[in-house]
Amino acid sequence: MLAMQDPTRSLKRELTAWDLATLGVAVAVGAGIFSVGATAAANYAGPSVILSFVIAAIVCGLAVMCYAEFASTLPVSGSAYTYSYTTMGELVAWIIGWDLILEMLLAASVIAKFWGVYLADAFRLFNVEIPLTFHIGGIEATWGPILIVGIFTALLVIGTKLSTRVTNIFTILKVGITLFVIVAGAGYIKLQNYTPFVPPSQPAEHKTAMEQPLFAFLSGLTPSTFGIVGILSAAALVFFAFIGFDVVATTAEEAKDPQRTLPRGILGGLAMVSVLYILVTLVVTGMVSYKDLAASGTPSLTTAFELVGATWAGKVISVGILIGLTTVVMVLLLGLTRVVFAMSRDGLLPRGLSRTSPRFHTPVRLQIIVGVIVALIAGVAKVELLEEMINIGTLSAFVLVSFGIPILRKSRPDLKRGFRVPWSPTLPIISGVACLWLMANLTVTTWMRFLIWLGIGLVIWLSYGRRRSVVAASNDEASAPALEK
């Protein structure tokens, strides 16, 4: 990782443990807490979606411990990409970096798209009549996603610290609204709605073979939902709610005293989010029957309150969702830029992208390019159809980070570690296998799209990155004198 020594391609260390924990909570307390849980309950697991969240939290916790060890050992930008480069070489690093780009690009675009949708809902609830779309050359675009991406791109250009201060304020507000929803919803809980806790498995007649989990497809099982298969499928779906913590690791190069702040920030944020998710899930599945949620068509927290007659909560929740999604967009834009920054600095992508501004100490050019791409996708494309691609990108990164811990322990026992995963290599291996299992519970269609994405990435690496990487260049320089002799 020779490129890290270039002062024109370095970042300023200014983030504290609180900043890092808030970043994790900021990206996790968003679409996941307001809609994904209700959707998973309605269509996959019923009240047992609580178990799905517990499973996802445990798997994420295991992987996050591996992230914390890596981040405290190698506190530089790039997250899983950098860790894989150090332990498994350039090809594996490229694959995981390419996966992270997939995860964060789609996540930022999807969340920005949802922000525009919920903005329209908020306008409707408050009787505000403003057109939300416009046309350019015959193409219809939504201005809401473009606006929110543009605002946070500008903030991230100016500086990461300023952006995290804004994020801290928004995060405190949305956590407060989430707690309000939990307390308000608790009064409507009826114990009979938890029965049956695990709805019996039933055929998923509306699903084709390509829409069932990969494991079920390979084992020849008939497409089904609910039951044990439903719990596992829901766990794979709600894993989307925990993507924030690998994003936090991408900011390692900007953390103060990273050996201490990174583990505290990552693990502390995960603990807070897990408690909030489980409480919200308990409330929403206790308020109304999962069958009623499914019948609504678009289940969410708002749906649950409307079904019990508490329509007054709709306005509060709509504001909470907007605030929640706002910070998610910012953190994902930050994470995406930092991954591309690290890959560019290593020469696997054009090196010019990794230059930082002498004034702002941020990769200004790259941040603007990323913002424009995300704004265009979110404002014009139907990117929400690719939600599961976010999960498979995240889980593939978690797999390699988990398996990378035993490798780094063996290859570089001399490195200073601010945090160590207990019971290594057992826990890291369990983490990697658990992530693979959740990946196997994603649909066949998602896997096919994922393989196509990997194929495109491999072509780019073979035709560009392999020849232009900093490591390849240094090896060529080192071999030149030997050839002259």
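Is tyrosine 188 buried, exposed or partly exposed, and at what relative accessibility? I looked that up first, bearing in mind that I'm working from a predicted model. Tyrosine 188 comes out at 29% relative accessibility, so I put it down as partly exposed.

**Overall look**

I noted 19 helices and four strands in the chain. Of the 485 residues, 60% are buried. I also checked how far apart in sequence the contacts reach: taking those between residues at least 6 apart, 83% join residues at least 24 apart. The accessible surface adds up to about 19100 Å², and carbon and sulfur atoms account for 68% of that.

**Aromatic pairs**

I went through the rings next and got eight aromatic pairs. One of them is tyrosine 188 with phenylalanine 305, an edge-to-face pair with 6.5 Å centre to centre and 80° between the planes. Why did I bother with this one? Tyrosine 188 is in the loop between helix H7 (160–186) and strand E3 (202–203), while phenylalanine 305 belongs to helix H13 (residues 301–307), so the pair ties together parts that are 117 residues apart in sequence. The two partners get different labels: phenylalanine 305 has a relative accessible area of 1% and is buried, whereas tyrosine 188 is partly exposed.

Then I looked at tryptophan 447 and phenylalanine 450, which are also edge-to-face, with 6.1 Å between centres and 90° between planes. This pair stays inside helix H18, its members three residues apart, or about one turn of the helix. I have phenylalanine 450 down as buried, at 4% relative accessible area.

I also wrote down an aromatic cluster made of Trp94, Trp98 and Trp453.

**A charge over a ring**

Which ring does the charged end of arginine 466 sit over? I found it over tryptophan 461, 5.8 Å from the ring centre.

**Nonpolar patch**

Last stop was the surface. I found a nonpolar patch of about 290 Å², built from Leu91, Ile95, Leu458 and Leu462. Helix H5 (90–125) and helix H18 (444–468) are the elements that each give two or more residues to this patch. I picked out leucine 462, which lies in helix H18, and checked how open it is. Its relative accessibility is 37%, so leucine 462 goes in my notes as partly exposed.

**Loose ends**

Helix H18 turned up twice in my notes: it holds the tryptophan 447 and phenylalanine 450 pair, and it contributes to the nonpolar patch along with helix H5.

Technical notes
Residues numbered from 1 in each chain as written. Predicted model: local features only at pLDDT ≥ 70, side-chain atom pairs only at ≥ 80, totals over all residues. Heavy atoms only, no water. Buried < 20%, exposed > 50% of the residue type's maximum accessible area, 1.4 Å probe, protein only. Contact = heavy atoms within 4.5 Å. Areas by Shrake-Rupley, 256 points an atom, 1.4 Å probe, with all protein chains shown as cover. Patch = residues over 30% accessible without salt bridge, like charges linked within 9 Å, V, L, I, M, F, W, Y side chains within 5 Å. Salt bridge = Lys/Arg side-chain N within 4 Å of Asp/Glu carboxyl O. Phe/Tyr/Trp six-rings, centres within 6.5 Å; stacked < 30°, edge-to-face > 60°. Lys NZ or Arg CZ within 6 Å of the ring centre and 35° of its normal.
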